[in-house]
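Visitor: Could you take me on a close look at one part of this model? I'd like to begin with a single residue and its surroundings, and then hear how other parts are put together.

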Amino acid sequence: MNKFKTKIIATAIFAMLSSNTYAVSTTEEYSFDYAQIKDFVRQDGNKFILEGQEFRISGTNNYYMHYGSKQMILSVLDDAQKLGINVIRVWGFMDGLHHNHTMQFKPGDYKVPDGNKSALEKLDFTVAEAKKRGIRLVIALTNNWEDFGGIPQYVKWFNAKEHDDFYTDKKIRLCYKNYVTHIIEHVNQYTNIKNSDEPTIMTWELANEPRAASDKSGKKLLKWADEMSTYIRKLAPKQLIALGSEGFFARKNNPDWTYNGNDGVDWDNIIRLPNISYGTLHLYPKTWSKDNAEQWGTQWIKEHARVAKEADKPVVLEEYGIGKDESINREFVYRKWTKTAYDEGLNGTMFWILTSKDPSNANGLYPDYDGFRVLNNQSELTDILKNHSKDMRNIKHINENESYIAFPKNNSKQKGEKIQLKVYPFVNGDSAVKSITANVNGNNQIISFAEPDSDGYYTAYVDFNSGLVYGENNLTVNTEFTKGNNVKRDLKFELEKPVTGYKNIAEFNFSEGISDFSEGGTYQAEFLKPELEHAVLGDEKLLKLNVNLPGTNDWEEIRVHNQNVTDLSEAKLVSFDIYYPTDIQGGVRPYVVAGDGWVKLGVDKNNKNLSEMEIVNINNTPLYKQHISVDLGDLSGKNGDFYICIVGNKLKLKGSIFIDNLQFKKPLF
C-alpha cells in the first residue's frame, strides 16, 4: 500500500567492537546474539522449510524502518517480538531524496548528498536488530506508487512517456538491475555480512504492488517479473524471491476488475514462474470498492489458496486491512480472515501496519495516517493477532468459543427505523451454538436471531417496538453454546433522526481565486504548467486544471488538494460541478478523499461516459457538465484535508478541466 510521512530524529553512529558487539556513540550499548537466526528459510513445493520443519509466517509491515529514528525502529521490533511476529516486510528503496534520506539519489548514484542521511544505513540497522530478535525480513526493492520514489521516479529520471515504460525501457531496466545488485551485494555495516549471505533477509521482493495496466493480458508484467526474478536468483541463490503483487488475476470475461486483468496482473501465471518462490496477495475491500468486505475478502483468500495448491507454491496474505473508520467490526474481520488463511493452509499472513513509539509526536506514538494502524496495546485486536501467531507457529494455547457482533459496529451512527444485527460465532471443538439473543436498552423483550445461511451469520432486527430509540442505544447480545464458555457482548450505537434537509457550511465558487487549492498528485497522468489557474469565462469564474491524460489506461488520475476546509468535520455531503471539453471521448470516474485518512469516498458512484453528459455553453464555449454528489460519512474529529480526484477512463486529454460550485453541507434534522 502507498504510505508515507514521519519526522526524523538524528541517527547515532555505531562502531564495531567485536564480531558480535557494537557500541553507539551515545551511552547505549547493544550486544547482538546472532544464534537465533542461522539458517535460511527455503521453499519446498508449497511449503516454507526452516531447519527441517515447516515454517509459517506470522508477520506485519512497516514502511518507515529505513528512515525513522533508531528509537522508532527499535520500538517496532520490540513490539513485533511481543506480538509473536516472526517476519516484517520493509522498504529497501529510497529513490531520490525523501525525508532527508536517500538510497539512490540519482540513477546509479548511491552517495548521500551533504546534509542528508543514508536510508541504507537505517536498513542495515534494521537487519541487525531484527536478527538479534529472531525476526526475518521481506525487503521490497521499489514501489508501484510514488511514495519514496518508486516506479514514477524511474519514469521521470529517464523521461519516459508513461508508468509502464518501467517494465520495457532498456535504460530503466538496467538502472533497476544495477540498483538491485548494489543492495543485494551490499555489506551490512553493523554485522559485516553481505546481504545475499544474510539469513535474516528471508525474501527479496521485486516491487510493492506492481501493476501494468497498459497490458490487460498481464504479459508485460509477467515478462518483467520473469526477467528480474531470474536476475536476482543469480545474485541471491539462498534467499526467497517474490513479486509483491496484490494478487489480481487476468481472467477473460470476468466482470470483477480484480479478476479480469484490469491492472495488468496475471497472478495465475506469476506464481508459476520458476524463480518466484511464492505468491503474495493484498486485501483492502473498501479501498477496492468491494461490498461485503468480510465475505469478499474470505473468498479472495480461498481462491488464492486454491491456485497456489495447483501451482505447488506457497502463498502469503502479505497485506490486509480494515480501516478504523469503516462500518464493519474490524476485530471480527481480522479474526475471520486470519482463521480462513490458517484453515486454507496459507503459508503466512502479514497485517498492515504495525507502528509504535514516535518521540517527535505529541502523544509519543506514530500517527495513524491511513487508519490501519495496529499498536501493541493489549487490545482485543492484538489478542486476536497474538493467538493467530501461535496458531501459525504451532504453539498450543487455550481455545474458547467466540462470538462477534459483525454489524453494527460499536460506537457507530446508524439510520432508519429498523436496524439489522449480525452475529458471527466461532465454535470450539465439538460444541455448537445453542441460542443467540439480544436485549435493547434494558427492554424486557428478548430478541432471537435467525439461523444462518451458508455465510455463517445469525441475524435479527431491532425497531422501536423492541426498545430502539433515537440517540444512544445499548444492546446486549448473549451467545450460548452446548459446551464450553458462553459469550456476552455489549454494543452501543447512535440512531440518527431522519434528515429533513441540508445546510451549506463551506462553499467555494472560485470568485476570487483558486481558494487554497493546489496540485495533489497524479497516477499515470500529469499536470501541465501552470497546474492550477483561476479561470474567468465571461461571467463564470472557475478552478482550471491543466492536465495531460494519455488515454491509454482506464485509470489515469489527477488530484487537487485543499488542507483548510472550514468545519469539514461537520460535513456529511459534498457536491461540485466538473466541466470537460467536448472535443474528446472516453469516460470519467471522479471520487473524493476527506479528513486525515486515505479512504476513497464515492468510488464508482459517479462513473460516466462524456457522451452521456449534458452540454452547456460558458462564454460561448461548449463543455460537458458533470454534477458530483458524495456522501462523506462520519468525519467528526477529522481535519480539514480534502481531495477532489478525477480519474480518466480511456480519456485522452491534453488541455483543461474546470471545477465550480464546490459545497460542503451538514444535515438538518
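Guide: Let's start with Asp-641 and its contacts: beyond its neighbours within four places in sequence, Asp-641 is in contact with His-561, Asn-562, Gln-563, Leu-568, Val-593, Ala-594 and Gly-595. Bear in mind that this is a predicted model. One of those partners deserves a second look, since the side chains of Asp-641 and His-561 are joined by a polar contact of 2.6 Å. As for where Asp-641 sits, look in the loop between β36 (621-631) and β37 (642-649). Is Asp-641 buried or exposed? Its relative accessibility is 12%, and the cut-off for buried is under 20%, so Asp-641 counts as buried.

Now hop over to another loop residue, Trp-555, found between β28 (540-549) and β29 (556-562). Trp-555 has a relative accessible area of 16%, so this one is buried too. Leaving out residues up to four places away in sequence, Trp-555 touches Tyr-523, Gln-524, Arg-589, Tyr-591, Lys-600, Val-603, Val-647 and Gly-648. Take Arg-589 from that list: 34 residues separate Trp-555 and Arg-589 in sequence, while their C-alpha atoms are 8.6 Å apart in space. Trp-555 also has a polar contact of 2.8 Å, side chain to side chain, with Glu-557.

Next, the sheets. Eight strands make up an open sheet with parallel pairing, and the order is β13-β12-β11-β8-β7-β16-β15-β14. At the edges you'll find β13 (240-242) and β14 (279-283); each has a single partner strand, so one side of each is left without a neighbour in the sheet. Direction ignored, neighbouring strands of this sheet are turned by 25° against each other on average. Zoom in on β11 (residues 136-140) and β12 (residues 201-205): these two run parallel and are joined by four bridges, with Leu-137 standing opposite Ile-201 in β12. Packing on this sheet is helix α2 (residues 119-132), which touches β8 (87-91), β11 and β12, and whose direction makes about 155° with that of β11.

There's another helix to follow here: α7 lies across β14 and β15 (315-320), running at about 175° to β14. Helix α7 (residues 293-311) also packs with α8, at an angle of about 15° and with the axes 10 Å apart. That makes α7 and α8 roughly parallel to each other, because angles under 35 degrees count as such. The crossing of α7 past α8 is right-handed. On the α7 side, the contact is made by Ala-293, Glu-294, Gly-297, Thr-298, Ile-301 and Lys-302, and on the α8 side by Phe-332, Val-333, Lys-336, Trp-337, Thr-340 and Ala-341.

Follow α8 and you get to another sheet. This open sheet has three strands in the order β17-β19-β22, paired antiparallel. Its edge strands, β17 (402-407) and β22 (458-463), each pair on one side only. On average, neighbouring strands in this three-stranded sheet are turned by 30° against each other, direction ignored. Five bridges link β17 and β19 (residues 418-426) in the antiparallel sense, and Tyr-404 has Tyr-424 of β19 as its bridge partner. Helix α8 (residues 330-343) packs on this sheet, touching β17 and β19, and its direction makes about 40° with that of β19. So you can trace a path through α8, which packs with α7 and on the three-stranded sheet.

How values were computed
Residues numbered from 1 in each chain as written. Predicted model: local features only at pLDDT ≥ 70, side-chain atom pairs only at ≥ 80, totals over all residues. Heavy atoms only, no water. Buried < 20%, exposed > 50% of the residue type's maximum accessible area, 1.4 Å probe, protein only. Polar contact = N/O pair within 3.5 Å; in protein donor to acceptor, adjacent residues only side chain to side chain. Contact = heavy atoms within 4.5 Å. Pairing = 2+ DSSP bridges. Axes fitted to C-alpha atoms, helices over the stretch in contact; angles between N-to-C directions. Parallel < 35°, antiparallel > 145°, perpendicular 65-115°, else oblique. Left-handed = near helix turned anticlockwise from the far one by under 90°.
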